[in-house]
Amino acid sequence: MKPSEHEIINTVKKLLADKKIDLFIGYEQGTLPLRTSPCFLVNPDDSNKLIWNSFCANNLTVYLSRIMPNGKNKKFKRIGILCKGCDSRSLTGLIREKQIKREDLYIIGISCQGIIDSRKLLPQLNSDEILSIDEDDDSIIVKLKSGEERFKRNHYLYDACLNCAYPTPGEYDMLVRTAKYAPQVSVPDPAVKEFMGKPREERWRIFEHELSKCIRCYACRNVCPNCYCKECFAEQTKPTWFGVTSERSDLLFYHLTRIFHQAGRCVDCGACVRACPMNINLRLFTRMLVDEVKERFGYEPGLSIKEQSVLAAFEIDDKQEFMTEPEKGT
Amino acid sequence: MSNPYVPMPAKIDDIIIENEARDIKTLKVSFTDKDDWKRFAFMPGQFAEISIFGAGECPIGIASSPTEKGYLLFTVKRAGLVTMQLHRAERGEIIGLRGPLGNTYPLHKMEGHNILIIGGGFAFTTLRAAIKYIIEENNRKRFDDITVIYGARTPGELIYKKELWEWEKRRDMKTYITVDRGDKDWKRREGFVPSVLKEISPRVNETIALVCGPPIMIKFTLPVLDELGFMPESIFLSLEMRMKCGIGKCGRCNIGHKYVCKDGPVFSFAELQELPSEY
Amino acid sequence: MKKDETTIEKKSDVSTFEPKIVAFLCNWCSYAGADLAGVSRFQYPPNIRVIKVPCSGRINPLYIIKALYSGVDGVLVSGCHPGDCHYISGNFYARRKFALLKKFLSYIGIEQERVQFSWVSAAEGARFAQIIEKVVGEIKRLGPLTYFCKD
Amino acid sequence: MVKERRGSVILDKKDFENFFSLLAEKYTIFGPSQDDNGDAFTKIDSPQSLKLHYKNTHLSLKSYFFPQTETLLTFDNHMKITKGKENETEEQTKCSILFGVRPCDATAIYFLDKVFQESSPPDPYYVKRRSVTRIISFACTDPSSTCFCTSVACGPDSEKGSDIIFFELDGHYLVKQITQEGEEILEGVKELLKPVTDKHIEEKDRSMVAARHKLRKIFEVSNFVKKLENFEAPYWEKLHQKCLGCGICTYMCPTCHCFDMTDEVTGSGGRRVRTWDSCMFPLFTLHASGHNPRPTQKERMRQRLMHKFNYAPKIFGEVFCVGCGRCVVHCPVNLDLRSVVQQIMEEQ
């Protein structure tokens, strides 16, 4: 058991014991290889179920707006939660958008060394022979029946973690320091830049092809902490904005609108890409808005509780080069 | 193989506004194609899926009795997408009918018994069909005495008013109309349906009760029936659930392993007690 | 048809193609500008269907995507010049939304000219007619928008 | 041993090529091949593009007979129905064969037949597709770690739902004909088939025992069905906490058959379309009055398990789960059906 896990377990045991928090949301061992699963703890003595490793992928803040609809819950007055860098930015976003109050939370921040994408690592090994998995600073060590294999960590990180700029949470009540992982300066995503270079028709063909795989299971919406609307536009009937079928035009409407609803709010935690059963690379489109907002308005969501949503503010001299002007000289 | 999803076209002949709030209307409907009448042979308690093309379908109880030839009555409260379009429909428009769906009130079992009919609010549609069927001349003698207790929130909310006053004048049935809150020219009884039921306390043996109303009314009526000594097997309820296919395939209207659209909507209280209380 | 919104069928070749364009005009400036253009007999193509909205800030990107989904070939949103807004800051908020939406739609591969935004004040009838001229010309060159058709 | 031999024949692997081309003349064949999402069933013209050594398809085969989006009927502006009227019979030229189906998916089709074909009134759209499609399944010799078909009433060599089942031996296939339609198919290719010997049958049984050995039996499903009678049990409170209410487990499940019917309006008329729906979504049972018999995720998750493991046995006499493991693999929060069942079994 690594020191960071130890620290988390003791803290949570104490918090639950002295009734400082009524519920703690953390990670527990998953039932599938290379996976972990969210867990909800109420009594102190099963807090040793908690774990921390490079497979704790889920963004746990998605549960907060469900457990505390408009910030209130009779049973759980104060909730403890374990937050990586990107999770804490989502959490700060929820606080900024008044979905949850900071004082109702006890945040255990943990600086993250990048999360391993099980879809990238699993094909490299025979999942039936895994005995145990361990990790150190720069590689994942998998003990198999047929011996031991080491995998370089950065080859199997989630795309969102590759050049993550905020591995350490900004908002926490207690910080567990693990990262030897130097945060980079947040740079525009290379995949987005490369996609931008492509000709228009090809971009549309790729966008349409990626989204044609969608089976409308709404996992991308239900795992996203930003998607907490009581009645989502996709389920409204008065008016019915678009059809419920899985045909091209309805899928395009749903994804176009949902992605744009993340403009200036998405912290690129990668939860939607992880959840999609059809492996749609949604990040190729959501990340573009993240880069555009940073470059155009110099704004990155989820960095401080006092920040204002980018689309809920304006500057007098915002650039307006995109506006249509009549032909000169007519 | 006949397609159970294709509705039969029907024309709206008349529209009667039932309550003051004007959000309950009765549509008088007749099939445009004559031999659809035979395919739509129904009994009181059954419902049909009314469809307005472009809006969708919704399950509505058949308010007319099979003894009323030549037309069907559907009482519709404006609530959702389809009912809103139904309320916008004018006379002469074409709608679609799919059915008859679901099971009926146990009319064979009720023969030779007293009948107690308890209705509340606008959920009096299929009960009206049952009453009209029972009091029809050559059916009446097959049933003993009939008691009808029907209540609504205010006098304006009572539906089928004309017929209610006629039934009150009939000597071969006892009709008790009540409202939760009367207004200045309301001379009849005031009080909730369960309390009126306790006050009247009709005969219990050889009696079958049909109950249909909002969940709040059912919640308080069943204990009263139990107090009066009614056995769960002789109490029948007509339930309402969200439905789409109406033929037990789309999997959404189940209570336990029973589908309300196919095994219901009429269940005996004994059956309901075995099913999980998830309705 | 009973339902208010319908999806328009796509039957046209480019030469005689007459685009259908939805124009969301802000009631205080652009709509008045359009009125002025009409009163002063400025000729401009009849392809725009005007929807009057209280302010350009009222336009939710959902409406623009719904317009494209319902089969129109282009959308124009026109409001007051920054600073003239009857509601003081409506068009400032709108400007940021439109900036991101314009970049996003062109990023995923929809032609730039399909969705356009402009500022037209109540006194600029001529400017309104020229902008409509330009928008309709550009969209006519692009041809019908078939990306959202029900296949 | 004699009973076993009656329907079985042997096909040598070297004859597989012309076995396939003989079939391809009479039937259009769909088989497993690679697509960018993992394995999927596509139209197969030559046996080379068949990829028979695959764990299971990414999506289940229910979309062949019960597609996610299907137009039930179309109507014009004057409310007259233009397509999908009574007993419309577009003649389908050639029967088709789903070749190389896994036994669990074939068993799932057998359950869907019970819902759409055998219970009255039959669903004409489903029956039209199902009646012209034959299923040739391939027994599993190498199940994956998330399969638990032996824990439910299914197995690596389950014959339910398939017309013919292939067992892979070294050098040849043991071909077992199960239904009458299966016999017709084999009639057409009689000359390639050889009689079966006891050696073949022993080899087949050995490979099946090996496959079963890989599949740990996790729970006894009949006990689980009885355990679920206790509807208001306390464990439901905490079982649903992780669930985010997305539709992955129901859309990936081969036996989930719930659907929604909505109307769509186009310029010159409209259509009534049937699409998949999921009991995990809040709108599934929301009444127009606002009342929802299943208001929170607890009731919805309970409904999903009760429908498959308690209601289906009561209605159809079959547990509607084939243990394919798709809901386990794709759940974003790793809510594992096997551990849910174990937690319920451990409760008193």
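Two strands count as paired here if DSSP finds at least two bridges between them, and that criterion is useful for the opening stop of this tour through a predicted model.

**Stop 1: a sheet in chain A**

Select strand E6 of chain A, residues 139-144, together with E7(A); the two pair in the antiparallel sense over six bridges. Within this pairing, pick A:Ile140 and look across to E7(A), where its bridge partner is A:Phe151. Widening the selection brings in an open sheet of three strands, which runs in the order E5-E6-E7 of chain A with antiparallel pairing. At its edges are strand E5 (130-135) and strand E7 (147-152) of chain A, each of which pairs on one side only. If you look along the sheet, the twist from one strand to the next averages 20 degrees.

**Stop 2: the two domains of chain A**

Next, colour chain A by its domain assignment, which gives domain 1 as 1-114 + 165-181 and domain 2 as 186-310. The centres of these two domains of chain A, taken over C-alpha atoms, are separated by 25 Å. Where they meet, the contact takes 20 residues from domain 1 of chain A and 19 residues from domain 2 of chain A. Now select helix H3 of chain A, residues 85-96, which provides nine residues, the largest share of the side of domain 1 that touches domain 2 in this chain. That side of domain 1 of chain A has, by class, six nonpolar, eight polar and six charged residues.

**Stop 3: from chain A to chain C**

Show chain C alongside chain A, and select the contact between them, in which 35 residues of chain A meet 36 residues of chain C. On the chain A side, helix H7 (200-212), helix H9 (248-260) and helix H11 (283-297) each supply at least two residues. Of the elements on that side, H9(A) gives the most, with seven residues. Colouring the side of chain A that touches chain C by residue class shows 21 nonpolar, five polar and nine charged residues.

**Stop 4: from chain A to chain D**

Turn to the contact with chain D, which takes 29 residues from chain A and 28 residues from chain D. The elements of chain A that give two or more residues to this side are strand E2 (36-41), helix H8 (219-222) and helix H10 (271-275). E2(A) gives the most to the side of chain A that touches chain D, with three residues. The residues of that side divide into 13 nonpolar, ten polar and six charged.

**Stop 5: chain D as a whole**

Isolate chain D, whose secondary structure comes to 13 helices and twelve strands. Its C-alpha atoms fill a box of roughly 65 × 60 × 40 Å along the principal axes. The radius of gyration of chain D is 22 Å, which agrees with the value near 20 Å that a compact globule of 348 residues would have. Buried residues make up 45% of the 348 residues in chain D, and among its contacts with a separation of 6 or more, 72% join residues 24 or more positions apart.

**Stop 6: the two domains of chain D**

Finally, split chain D into domain 1 (2-67 + 87-214) and domain 2 (221-346), as its domain assignment gives them. Over C-alpha atoms, 28 Å separate the centres of the two domains of chain D, and their contact takes 23 residues from domain 1 and 19 residues from domain 2. Select helix H4 of chain D, residues 103-118, to see the source of eight residues, the largest share of the side of domain 1 that touches domain 2. By class, this side of domain 1 of chain D has 14 nonpolar, six polar and three charged residues.

Terms used: Residues are numbered from 1 along each chain as its sequence is written. Chains are lettered from A and ligands numbered from 1 in the order in which they are written. This is a predicted model: local features need pLDDT of at least 70, side-chain atom pairs count only at pLDDT 80 or more; totals for chains, interfaces and linings use all residues. Two residues are in contact if their C-beta atoms, placed from the backbone, lie within 7 Å. Helices (H or I, at least four residues) and strands (E, at least two) are DSSP runs, numbered from the N terminus. Ala, Val, Leu, Ile, Met, Phe, Trp, Tyr, Cys and Pro count as nonpolar, Asp, Glu, Lys and Arg as charged, and the others, Gly among them, as polar. Domain bounds come from an automatic or database domain assignment. Axes are lines fitted to C-alpha atoms, for helices over the stretch in contact, and angles run from 0 to 180 degrees between N-to-C directions. The radius of gyration is taken over C-alpha atoms; the globule rule is 2.2 Å times the number of residues to the power 0.38. A residue is buried if 20 or more other C-beta atoms lie within 10 Å of its own, exposed if 12 or fewer, and partly exposed in between; C-beta atoms are placed from the backbone.
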